[in-house]
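Open your viewer and get ready to select residues by number. We will take the stops one at a time, with a short pause at each to look around.

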Amino acid sequence: MNKLPSAIALLVLAATPANATGGFVCRTAGPRPIAVSVGFGHVPGSPLLQDSTRLTDNGRNVPVTAPQWWFDGTELRLLLADPNAMRREVIIKAKRNGHVYDGSLWRDGRRHWVRCREG
């Protein structure tokens, strides 16, 4: 009899939903690459995960925050700003192209081609 409550508790814990995460890795081409990686949870209204949002410009890490973003399965839009959200660091607009997302990345007033992959 004592095993039944334990078994029920174990089944209830096993039935809870998993909080899976996903994300994107975006890179420009060329000799001075810019790379952006972001992670997000798969829950309604999921925010970007701050600890997995990164910007690398020519191998140098740039501290950023993500105040605005949009992803609907066909298009990705992302704004990365400095940690105080006073200056734009990167803007990405990319549309689905098969298994990847191709588009534009703006940094320091210059436009670059970018490819984003789910990861």
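**Stop 1: the nonpolar core.** In this predicted model, begin with the largest nonpolar core, which has 20 residues. Select Phe24, Cys26, Val36, Leu55, Leu80, Ile92 and Cys116, the residues with the most contacts inside this core. Next, colour the strands β1, β2 (34-41), β6 (75-81), β7 (88-97), β8 and β9, each of which supplies at least two residues of the core. Which strand gives the largest share? That is β2, with four residues.

**Stop 2: the whole chain.** Zoom out for a moment and switch to a cartoon view. The protein chain has one helix and nine strands, and reading along the sequence gives the pattern α-β-β-β-β-β-β-β-β-β. Of its 119 residues, 34% count as buried. Among contacts between residues at least 6 apart in sequence, 29% join residues at least 24 apart.

**Stop 3: the disulfide.** Two of the core residues you selected were Cys26 and Cys116. Show their side chains as sticks: a disulfide joins Cys26 to Cys116, with 2.1 Å from S to S. A disulfide is a covalent bond between the sulfur atoms of two cysteines. How many disulfides does the structure hold? There is one. The disulfide links distant parts of the chain, since Cys26 sits in strand β1 (residues 21-28) and Cys116 in strand β9 (residues 110-118), 90 residues apart. Look along the S-S bond and you will find 110 degrees about it, a right-handed link. Are these cysteines buried or exposed? Both Cys26 and Cys116 are buried.

Stay with Cys116 and display what surrounds it. Setting aside neighbours within four places in sequence, Cys116 is in contact with Phe24, Val25, Cys26, Leu76, Ile92, Ala94, Val100 and Tyr101. Keep Phe24 and Tyr101 on screen for the next stop.

**Stop 4: the aromatic rings.** The structure holds three aromatic pairs; we will visit two of them. A pair of aromatic rings is described by the distance of the centres and the angle of the planes. For Phe24 and Tyr101, the centres are 5.3 Å apart and the planes stand at 85 degrees, so this pair is edge-to-face. Phe24 belongs to strand β1 and Tyr101 to strand β8, so these rings connect parts of the chain 77 residues apart. Phe24 counts as buried because its relative accessibility is 2%, and Tyr101 is buried with a relative accessible area of 0%.

Now add Phe71 to your selection. The ring centres of Phe71 and Tyr101 lie 5.8 Å apart with planes at 70 degrees, so this pair is edge-to-face too. Phe71 is in strand β5 (residues 65-71) and Tyr101 in strand β8, so the pair ties together parts 30 residues apart in sequence. Is Phe71 buried or partly exposed? Phe71 is partly exposed, with a relative accessible area of 27%. Together, Phe24, Phe71 and Tyr101 form one aromatic cluster.

**Stop 5: strand β8 and its partners.** Tyr101 has brought us to β8, so select the whole strand, residues 100-107. Strand β8 is mostly covered, with seven of its eight residues buried.

On one hand, β8 pairs with β7 in the antiparallel sense over seven bridges. To see one of these bridges, select Arg96, whose bridge partner in β8 is Tyr101. β7 and β8 make a hairpin with two residues between them, and Gly98 in the turn has a positive phi of about 75 degrees.

On the other hand, β8 is joined to β9 by eight bridges, and these strands also run antiparallel. Select Leu105 and look for its bridge partner in β9, His112. The hairpin of β8 and β9 has two residues between the strands, and Asp108 there takes a positive phi near 55 degrees.

**Stop 6: Asp102.** Finish with Asp102, which lies in β8. Asp102 is buried, with a relative accessible area of 16%. Why does 16% earn that label? Buried means under 20% relative accessible area, so Asp102 falls within the cut-off. Show side chains once more: a polar contact of 2.7 Å joins those of Asp102 and Asn97. Beyond neighbours within four places in sequence, Asp102 is in contact with Ala94, Lys95, Asn97, Trp113, Val114 and Arg115.

Methods: Residues are numbered from 1 along each chain as its sequence is written. This is a predicted model: local features need pLDDT of at least 70, side-chain atom pairs count only at pLDDT 80 or more; totals for chains, interfaces and linings use all residues. Side-chain values use heavy atoms; hydrogens and water are left out. A disulfide is a pair of cysteine sulfur atoms within 2.5 Å. Buried means under 20% relative accessible area, exposed over 50%, partly exposed in between (1.4 Å probe, protein chains only). A polar contact is a pair of N or O atoms within 3.5 Å; within protein, one must be able to donate a hydrogen and the other to accept it, and residues adjacent in sequence count only if both atoms are side-chain atoms. Contact means heavy atoms within 4.5 Å. A nonpolar core is a set of buried Ala, Val, Leu, Ile, Met, Phe, Trp, Tyr and Cys residues joined through side-chain atoms within 4.5 Å. Rings of Phe, Tyr and Trp (its six-membered ring) pair if their centres lie within 6.5 Å; planes under 30 degrees apart count as stacked, over 60 as edge-to-face and the rest as tilted. Two strands pair if DSSP finds at least two bridges between them.
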